[in-house]
Amino acid sequence: MTDAVPLSFYEEIGGHDTFVRLVDAFYRGVAEDEVLKPMYPEEDLGPAKERLTLFLEQYWGGPTTYSETRGHPRLRMRHAPFHVNPDARDRWLAHMRVAVDELELPPLHEATLWDYLLRAAHAMVNTFEPTGIGPTSSGRDGGSLPLHPST
Ligand code: HEM
């Protein structure tokens, strides 16, 4: 076929099965994490797992089910209720690193996926407070990243 449409990254790395494996492995780590596990509002991590899978599939060119069911991702806003400090970020990334390794992707694909996850996780940090239940724990927006240098 000469008129073939180039594969999306989603397809290149194995489609739905690959994303399910990635997110399953990631949540096995989260379930054992004493800092991250209590952050999840639902005892059952199944629905959170589903949301992350759908989001990542959509981001990489797969089905757009995430936006159809959840609307615009607005991930920073959706993480605002949670206390994402550097420790939480590093734990999130450590579990994701194990999960990415389990996929055994070709080096270029692995680097592409990992670079994105690394950047996204750094962008999600919303407080530098060491403890607490959320970025607003010390008052309205207390502890969150300042929006303006003067605040
Ligand atoms: C940096 C550390 C992070 C922490 C501690 C964290 C924690 C959480 C928590 C507690 C939830 C709520 C669970 C739920 O109900 O779905 C959540 C949701 C979610 N997170 Fe994260 N997250 C982090 C980074 C990321 C990154 C880097 C991404 C994307 C690459 C991401 C994607 C999502 C998505 C898609 C949802 C569901 C949003 C929705 O539709 O409601 N998270 N996260």
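These notes cover the confidence of the model, the surroundings of the ligand and one helix packing.

1. Confidence. The structure is a predicted model. Its protein has an average pLDDT of 89, and 85% of the residues reach at least 70. Residues 137-147 are an exception to note: there the pLDDT is below 50. In the model this stretch still has 16 contacts beyond near neighbours in sequence. Where pLDDT is low, predicted coordinates should not be read in detail.

2. Residues around the ligand. The ligand is surrounded by 21 residues, and those that come nearest are Ala48, Arg51, Phe55, Trp92 and Ala120. Sorted by class, the shell consists of 16 nonpolar, one polar and four charged residues.

3. Helices behind the shell. At least two shell residues come from each of helix H3 (46-59), helix H5 (75-79), helix H6 (86-103) and helix H7 (107-123). H3 contributes the most, with four residues.

4. Packing of H2 on H6. Besides supplying residues to the shell around the ligand, H6 packs against helix H2 (residues 15-31). The angle between the two is about 145 degrees, and their axes lie 8 Å apart. Their crossing is right-handed.

5. The H2 and H6 contact in detail. On the H2 side, the contact is made by Thr18, Arg21, Leu22, Ala25, Phe26, Gly29 and Val30. H6 brings His95, Met96, Val98, Ala99, Val100, Glu102 and Leu103. Nine of the contact residues are nonpolar, three are polar and two are charged.

How values were computed
Residues are numbered from 1 along each chain as its sequence is written. This is a predicted model: local features need pLDDT of at least 70, side-chain atom pairs count only at pLDDT 80 or more; totals for chains, interfaces and linings use all residues. A residue is near a molecule or strand if its C-beta atom, placed from the backbone, lies within 6 Å of it. Ala, Val, Leu, Ile, Met, Phe, Trp, Tyr, Cys and Pro count as nonpolar, Asp, Glu, Lys and Arg as charged, and the others, Gly among them, as polar. pLDDT is the predictor's confidence in each residue, from 0 to 100. Two residues are in contact if their C-beta atoms, placed from the backbone, lie within 7 Å. Axes are lines fitted to C-alpha atoms, for helices over the stretch in contact, and angles run from 0 to 180 degrees between N-to-C directions. A crossing is left-handed if the near helix is turned anticlockwise from the far one by less than a right angle, and right-handed if clockwise.
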